[in-house]
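Colleague: Please give me a close look at the salt bridges of this model and at the parts they sit in. I am new to this, so I would like each term explained when it first comes up.

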There are 2 protein chains.
Amino acid sequence: MPATCSRCRSAAAEVNLPYAKLRLCARCFKDFYTNRIRRTVEDFKMFRSDDRVGVAVSGGKDSMALLHGLKEAFPAAEFVALHVDLGIRGYSEHCREKVEELVEMLDVELEVFDLQRELGFSIDDFKDTLYRRKVCSACGTIKRHLFEVLAGRAKTRVLATGHNLDDVVSMMLNNFFNRNWSQLVRLKPVLEPLMPNQTFKVKPLIKTPEDENLLYCLYSEIPFREENCPHAHLGRLRRNRETLEYLSKDNPNFKYQMLRTFLKLIPILEEHIEKPKLRKCEVCGYPSSSQICAFCRRVKIVKEARTSGNKGEPRRDGKKFRLKNKFGRCVFLTDEGCKIYAFRPEGCRLYPLVFDDSLKKPVLDELCPYREEFDIKKSDLERLLRLIEKLET
Amino acid sequence: MPATCSRCRSAAAEVNLPYAKLRLCARCFKDFYTNRIRRTVEDFKMFRSDDRVGVAVSGGKDSMALLHGLKEAFPAAEFVALHVDLGIRGYSEHCREKVEELVEMLDVELEVFDLQRELGFSIDDFKDTLYRRKVCSACGTIKRHLFEVLAGRAKTRVLATGHNLDDVVSMMLNNFFNRNWSQLVRLKPVLEPLMPNQTFKVKPLIKTPEDENLLYCLYSEIPFREENCPHAHLGRLRRNRETLEYLSKDNPNFKYQMLRTFLKLIPILEEHIEKPKLRKCEVCGYPSSSQICAFCRRVKIVKEARTSGNKGEPRRDGKKFRLKNKFGRCVFLTDEGCKIYAFRPEGCRLYPLVFDDSLKKPVLDELCPYREEFDIKKSDLERLLRLIEKLET
């Protein structure tokens, strides 16, 4: 005999939620799901029940479930779906169709940024630049910026994203293990704007396990994309998830336990982290840590690649890159840092480890103000010695 | 052809250390091992090279390797081996013999505390008390106290213990995952005394992986115990270790990476943790958070069990424990907290969740100042309702 639902005690249970010790029927599961969204929004004061809220919608199961769930949980709020059409061949059109289908179904406003039409390039074009192996990284920068633009167009100060429990906890663990504390603190449920006029970024699904978004989509007949992005490399992401599953295997509450741990830790870390010093990007006027923001730098690179074939890489000389100093400074060093960081030569990679010619041994360059911050491994010393050997022959 | 040693380039390599990208011969491994101890002691300023240092020695591979390694690394320092004879049948005598063998071999002073002779009981006697399933916990409290006593007798202010990298990192992770931050910060390499006259507790093996202690013992022909303690339950310990090995499997540097992470985190957490308020134990005069310290409370319990057969448990009434209030206060509630904590009844376990008779539903008791700190699960609510049901019938 199948188990009956732990809530209504009448329908057959279809969903098992071990962390909550619940077995629910489809209807009670949907209630449970939207109630959790409501409680999360209220507990973290993400927005008020009559606010105008932008929802970043990619077409994937998480963001589509988010938009639907928010509408159910806050019938009096005004939601605007924000979508970036990335122009990825065989993928973006499909995503956009699904988004259009859902907003129609929910009778929700939609604001789209069409990358190809508005800026004259697509994410595919990064394949011809120095980002060819890091398309996802460039795409992330582009999307983050354009969701801000879309929120501005939609006149909303709150931007809700579909980050789920598994996303957030595995990113938290990863940042924690790597002592990347400035990124770790940015994973909190409500991220205040870095500058006035920017949005509050909120994560209403931060307590929702990933697989429940899929279930909710299926039970609520929510359309969502079935294609995978052709640029996605899931290797590292999958490893992080496997780690999370391993740690959860004897403890169905592990992810929640970790979330609570990090939510307690973040305010403590925040007191110890220097806030980034921001100014306005000289091109677009959005907040930036350097003269020209990361978005505008990437746009420049991809546009130059399209018009002149210049991939933004240092000049190749035969088979080798050649560096050049001008006025005692590397020509690739700009106010925004190294222009060829991903392609910098071995010597730059090993810095601040340098070879002291008088001592005849590797030392940490005394000019480097951060010299104590580096963990120099024996293998680095060996790499430096091999490099010196190669240069001397 | 076998690989040759990466250091001396002559002898055959016998030890592979992937985290350091080294393959070493036996001799170079021993140098590497003792050099790391020297560097660890110096980097964390554990003691000066001519100090008098107490070394807690149990007879196990870690502490035996520690004593030997310290002697090698600091020939000018004065080490005193401190050993507690726990009186465990078929085990403690064996451990003590090994310790006596090593101090003889190294020509090191030895100070022994013989539990049976000096206090009239052994760790085995806890089997007849309410600690029968928690002998290791009681033993830990006893040992921590007696090493302080021994350090006093040996006139040393520094107490070195054999905690290795794996011990420390797995305890750190475990405390971190459980948000047990006051225990986490106590795992730092040098733990300052809580009160004047107490010892500085130092961990010279904090950077030494566990298996290298065994190797060092074997290569240096150090005697160490071959028996396992009959009271040891390795279940949880083994699970913690398995987790650590899983996390390390693709990254031989993981344990060091974690150690660095926590060593950066601890000073930050320390600023946010309330220091325990300590006073002198009324019985022994050692620092204690309550009127009578944890050591003296356990000694009292074990001695009473030996003389009167009173196991320190609440009175049983038929098959059930019975609680009793005196002057509106539970008789088991003392200045040191609940006297029967491990045996407290279901209602106490569920507190601050209580059943509000007028509302006819479970609520968090408004009298509890920590009510917001508890994560109440649905299963707790169900347990409370079942309890009420049982009490009403």
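Modeller: Across the interface of chain A and chain B the rule finds zero salt bridges, a salt bridge being a side-chain nitrogen of Lys or Arg within 4 Å of a carboxyl oxygen of Asp or Glu. A search of the whole structure, over all chains, nevertheless finds 46 of them.

This is a predicted model, in which local features need pLDDT of at least 70 and side-chain atom pairs count only at pLDDT 80 or more, while totals for chains, interfaces and linings use all residues. Residues are numbered from 1 along each chain as its sequence is written, chains are lettered from A and ligands numbered from 1 in the order in which they are written, and side-chain values use heavy atoms, with hydrogens and water left out.

We can stay with the interface for a moment. Chain A brings 34 residues to the contact and chain B brings 33, where contact means heavy atoms within 4.5 Å. About 3000 Å² is buried between the two chains, and carbon and sulfur atoms give 65% of that area; buried area is the accessible area (1.4 Å probe) that two parts lose on being put together, summed over both. On the side of chain A, the residues that lose the most area to chain B are Phe177(A), Arg179(A) and Tyr246(A), which together make up 19% of what that side buries.

Now to a salt bridge inside chain A, a chain whose secondary structure comes to 13 helices and 18 strands. Helices (H or I, at least four residues) and strands (E, at least two) are DSSP runs, numbered from the N terminus. The side chains of Arg96(A) and Asp114(A) meet in a salt bridge, at 3.0 Å from N to O. This pair links distant parts of the chain, since Arg96(A) belongs to helix 3 and Asp114(A) to strand 5 of chain A, 18 residues apart. Arg96(A) counts as buried because its relative accessible area is 19%, and Asp114(A) is buried as well, at 11%. Buried means under 20% relative accessible area, exposed over 50%, and partly exposed in between (1.4 Å probe, protein chains only).

Helix 3 of chain A, residues 92-106, deserves a closer look. Its 15 residues reach 21 Å from the first C-alpha to the last, close to the 21 Å expected at 1.5 Å a residue; the expected span is 1.5 Å times one less than the number of residues. Besides Arg96(A), the buried residues of this helix include His94(A), Lys98(A), Val99(A), Leu102(A), Val103(A) and Leu106(A). Among the elements that cover its buried residues are helix 2 (61-73), strand 4 (78-85) and strand 5 (109-114) of chain A. Leu67(A), for example, touches Leu102(A), Val103(A) and Leu106(A), as well as Phe79(A) and Ala81(A), among others. Directly after the helix comes Asp107(A), whose phi is positive, near 55°.

What other salt bridge can be described in chain A? Lys61(A) forms one with Asp62(A), with the closest N and O atoms 3.0 Å apart. Lys61(A) and Asp62(A) are both buried.

In chain B, a salt bridge joins Glu270(B) and Lys188(B), whose closest N and O atoms are 2.5 Å apart. Glu270(B) lies in helix 10 (residues 254-270) and Lys188(B) in the loop between helix 7 (181-185) and strand 7 (190-191), so the pair ties together parts of chain B that are 82 residues apart in sequence. The two partners are covered to different degrees, because Glu270(B) has a relative accessible area of 32% and is partly exposed, whereas Lys188(B), at 10%, is buried. Back in chain A, salt bridges that share partners join Lys61(A), Asp62(A), Asp167(A), Glu210(A) and Arg241(A) into one network.

It helps to set these pairs against chain A as a whole. Of its 393 residues, 46% count as buried, and among its contacts between residues at least 6 apart in sequence, 67% join residues at least 24 apart. For contrast, Arg9(A) counts as exposed because its relative accessibility is 63%; Arg9(A) sits in the segment before strand 1 (15-17) of chain A. Glu221(A), in the loop between helix 8 (210-219) and helix 9 (235-248) of chain A, is likewise exposed, with a relative accessible area of 66%.

Key: Lists of a residue's contacts leave out its neighbours within four places in sequence.
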